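I set out to record how the helices of this chain pack and where its nonpolar core lies. The entries follow in the order in which I looked things up.

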Amino acid sequence: MEKLQRIIKNIKPINQEIYNACLYRWDHIAKPLGGLGNLEPLIARIGAIQGQVEVNIENAIECYRRAIEKYPYYEGKGNYYIGGIYEANDELIIAGDYYKKAFIHFEKCAKEGDIDAMNFLGIMYTYGKGVAVDGLVAKEWYKLAADKGSGAAMTNIGLQYEYGR
């Protein structure tokens, strides 16, 4: 954990949001995969989003692919994040393919009662990631997840109202 904190502190200026995102990725991706080596590209990605460091796209994508192979339940989020990397680099056709894979996985999991998948479907409909933008369908998915206790979905419902979506 010391090395993790040193890497995070090297992303300047650090803020709580970046720090929390790094810790989340440590707990949910790098730790299960067996080491910090798998986390470094994700931290680089977080830094790149904030404009702080250059992202190593190949390493980040490889890390997500390993997570998907090793943990099938991660298929939806992994494909969603890979799609985001391609989208950020203006490779929209490739991004769309990954968003579609993510959508299929999230839809299957949501129908089985997975509240994270329901929330991600809401996000995908809100922003048109692999599907057409549809605020009403997004709201339905957020509401299903919120009714089952998803704090993230409750926040997303609030954001929809705040931004008039």
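Entry 1, a helix pair. I looked up the handedness of the crossing of α7 and α8 and found it left-handed. The model is a predicted one. The two helices pack with their axes 8 Å apart, at an angle of about 160°. Because angles over 145 degrees count as roughly antiparallel, I entered α7 as roughly antiparallel to α8.

Entry 2, the residues of that contact. From α7 I listed Ile115, Met118, Asn119, Leu121, Gly122, Ile123, Tyr125 and Thr126, which meet Val137, Ala138, Trp141, Tyr142, Leu144 and Ala145 of α8. By class, I noted 11 nonpolar residues, 3 polar and no charged in this contact.

Entry 3, the core. I next examined the largest nonpolar core, which holds 35 residues. Within this core, Tyr74, Tyr80, Ile82, Phe106 and Met124 touch the most other members. I found that α4, α5, α6, α7, α8 and α9 each give two or more residues to this core, and that α6 supplies the largest share, 8 residues.

Entry 4, one core member. Leaving out residues up to four places away in sequence, I recorded that Phe106 touches Gly76, Lys77, Tyr80, Ala117, Phe120, Leu121 and Met124.

Entry 5, the whole chain. I counted 9 helices and 0 strands. Of the 165 residues in the chain, 45% are buried. Among contacts between residues at least 6 apart in sequence, I noted that 45% join residues at least 24 apart.

How values were computed:
Residues are numbered from 1 along each chain as its sequence is written. This is a predicted model: local features need pLDDT of at least 70, side-chain atom pairs count only at pLDDT 80 or more; totals for chains, interfaces and linings use all residues. Side-chain values use heavy atoms; hydrogens and water are left out. A nonpolar core is a set of buried Ala, Val, Leu, Ile, Met, Phe, Trp, Tyr and Cys residues joined through side-chain atoms within 4.5 Å. Buried means under 20% relative accessible area, exposed over 50%, partly exposed in between (1.4 Å probe, protein chains only). Helices (H or I, at least four residues) and strands (E, at least two) are DSSP runs, numbered from the N terminus. Contact means heavy atoms within 4.5 Å. Axes are lines fitted to C-alpha atoms, for helices over the stretch in contact, and angles run from 0 to 180 degrees between N-to-C directions. Angles under 35 degrees count as roughly parallel, over 145 as roughly antiparallel, 65 to 115 as roughly perpendicular and the rest as oblique. A crossing is left-handed if the near helix is turned anticlockwise from the far one by less than a right angle, and right-handed if clockwise. Ala, Val, Leu, Ile, Met, Phe, Trp, Tyr, Cys and Pro count as nonpolar, Asp, Glu, Lys and Arg as charged, and the others, Gly among them, as polar.
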